[in-house]
Each structure stands twice: as structure tokens, then as C-alpha cells.
Amino acid sequence: MSTVVCPGSFDPLTYGHVDIVRRAAQLFDNVIVCVAHNPNKQGLFTVAERLEILQEEFSDIPNVTSDSFAGLLVDYCTNVEACAVVKGIRSNQDYEYELPMAHVNKQLSGIDTIFLPTSPELSFISSSVVKEVVRFGGDASGLVPPIVLKKLLKRL
Ligand code: PNS
């Protein structure tokens, strides 16, 4: 059984994230989408709220579960016996940001990171852009799933 972890901040979940999780679910037996607790970063949504969104969004995919973790990603991966971390790559900048983390995680625990290129039509989407669009009254319906949009409109 291959279990992989898709970690992230998911503040909030975007269609870019959804694309990566759904494609990972076609490639691996089990996918755990995992919200990282970052004590140094005040998010728009709490970790519990982000987790609730993930659970709702992926409820139709039997081999996707959602969870959260604090501390090192590699410790979480070891606990759930994941064989790899899966991350979406939208651009060169993403690659440059992700590569050192992939190396650190490999060095710490031996776990590999698999990079999936985000589908080109979604590769301009980021959680920060989404927040900015909604904050200034723009239409973010093409950027995030409806459950996220509803919560964003309430929050911002
Ligand atoms: O969605 P993001 O912000 O790109 O996700 C980054 C995340 C949460 C995957 C990364 O910061 C992480 O793995 N944090 C947990 C702490 C950790 O393991 N750090 C060592 C890797 S450098």
C-alpha cells in the first residue's frame, strides 16, 4: 500500500491544491492531505477550519483523508508510514523554494518528495492572490471551490 502526504498551509485551499490532491489520488493508494501548524504565522483560517474544508472538499474521494500536524513533516510521515511527500510545482520559484525542503526531508528521514507540475491553467493561483482578490471585492469563483469562497466572503 503506498501512502503519500500532501502537506501545506492551505490558507485557504485553492483549485491548484485540489488539482494536485485529485491527481495524487489516482497515482497512489492513500493520500493524506495535511495542514501544517505554523506557530509563527497567523492564518486567515484556523487549522481546524482549514481541516474542515479539506474534509468536505475531498469527501467524494475514498482514498483521500485529511489531517493536521505540528512539528517536523518527516516525523508525521514516519508515523503514518508514508513512502513520499507530494508537492505541486507551479513555477521555477516554487521549485527553488521546494527543492531545499525536499533535500532536508530526505536527509532527515530518507523520505523522497515527488513534485507534480500543477496543471498550467491553474498555475497562477495562490492562496495569497485569492485573499487579495476577495478582500478587494473581486470574483474568486474560478480560483477556489465554492465551500472556500463561501467562508472567505464571510471572513473578509
Ligand atoms: O503550503 P506551504 O506553506 O508551501 O507548505 C509548507 C510546509 C508546511 C509543507 C512546510 O513549511 C513544512 O513542511 N513545515 C513543517 C516543518 C518542517 O518539517 N520543516 C522542515 C522542512 S524545511
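Me: How do the residues of the shell around the ligand divide into nonpolar, polar and charged?

Reply: Happy to help. In this predicted model, the shell around the ligand has 7 nonpolar residues, 4 polar ones and 1 charged one. You can look them up by name: P7, G8, S9, A36, F69, G71, L72, L73, K87, Y97, M101 and N105 surround the ligand.

Me: How much of the ligand does the protein bury?

Reply: Here the idea is to take the ligand alone and then ask what the protein covers. Alone, the ligand exposes 550 Å², and the protein buries 72% of that. As for its place, the ligand takes up the space of the largest pocket.

Me: Which element gives the most to the shell around the ligand?

Reply: That is α4, with 3 residues. Both α4 (92–109) and β1 (3–8) supply at least two residues of the shell.

Me: Which atoms of S9 and L73 should I look at beside the ligand?

Reply: Check whether the atom belongs to a side chain or to the backbone. For S9, a polar side-chain atom lies 2.7 Å from an oxygen atom of the ligand. For L73, a backbone N or O atom lies 2.8 Å from an oxygen atom of the ligand.

Me: Let's move to strand β1. Is T3 buried or exposed?

Reply: A residue counts as buried when its relative accessible area is under 20%. T3, which sits in strand β1, has 10% relative accessibility, so T3 is buried. The side chain of T3 also makes a polar contact of 3.4 Å with the side chain of N30.

Me: What should I look for in the backbone angles?

Reply: Start from the usual pattern: most residues other than glycine have a negative phi, and most peptide bonds are trans. With that in mind, look at F10, a residue other than glycine whose phi is positive, near 50°. F10 belongs to the loop between β1 and α1.

Me: Where is E81, and what is its phi?

Reply: E81 lies in the loop between α3 (73–79) and β4 (84–89). Its phi is positive, about 55°, although E81 is not a glycine.

Me: Which of the words buried and exposed fits F10, and which fits E81?

Reply: F10 has a relative accessible area of 5%, so F10 is buried. E81 has 66% relative accessibility, and exposed means over 50%, so E81 counts as exposed.

Me: And what about the peptide bond from D11 to P12: cis or trans?

Reply: Read omega for that one. The bond from D11 to P12 has omega near 5° and is cis. You will find P12 in the loop between β1 and α1 (15–27).

Methods
Residues numbered from 1 in each chain as written. Predicted model: local features only at pLDDT ≥ 70, side-chain atom pairs only at ≥ 80, totals over all residues. Heavy atoms only, no water. Near = heavy atom within 4 Å. Polar contact = N/O pair within 3.5 Å; in protein donor to acceptor, adjacent residues only side chain to side chain. Areas by Shrake-Rupley, 256 points an atom, 1.4 Å probe, with all protein chains shown as cover. 1 Å grid on protein atoms, 1.4 Å probe; cavity = no way out; pocket = protein on both sides within 12 Å on 5 of 7 lines; lining within 4 Å. Sits in = over half its atoms within 2 Å of the grid points. Helix = DSSP H or I, 4+ residues; strand = E, 2+ residues; numbered from the N terminus. Nonpolar A, V, L, I, M, F, W, Y, C, P; charged D, E, K, R; others polar. Buried < 20%, exposed > 50% of the residue type's maximum accessible area, 1.4 Å probe, protein only.
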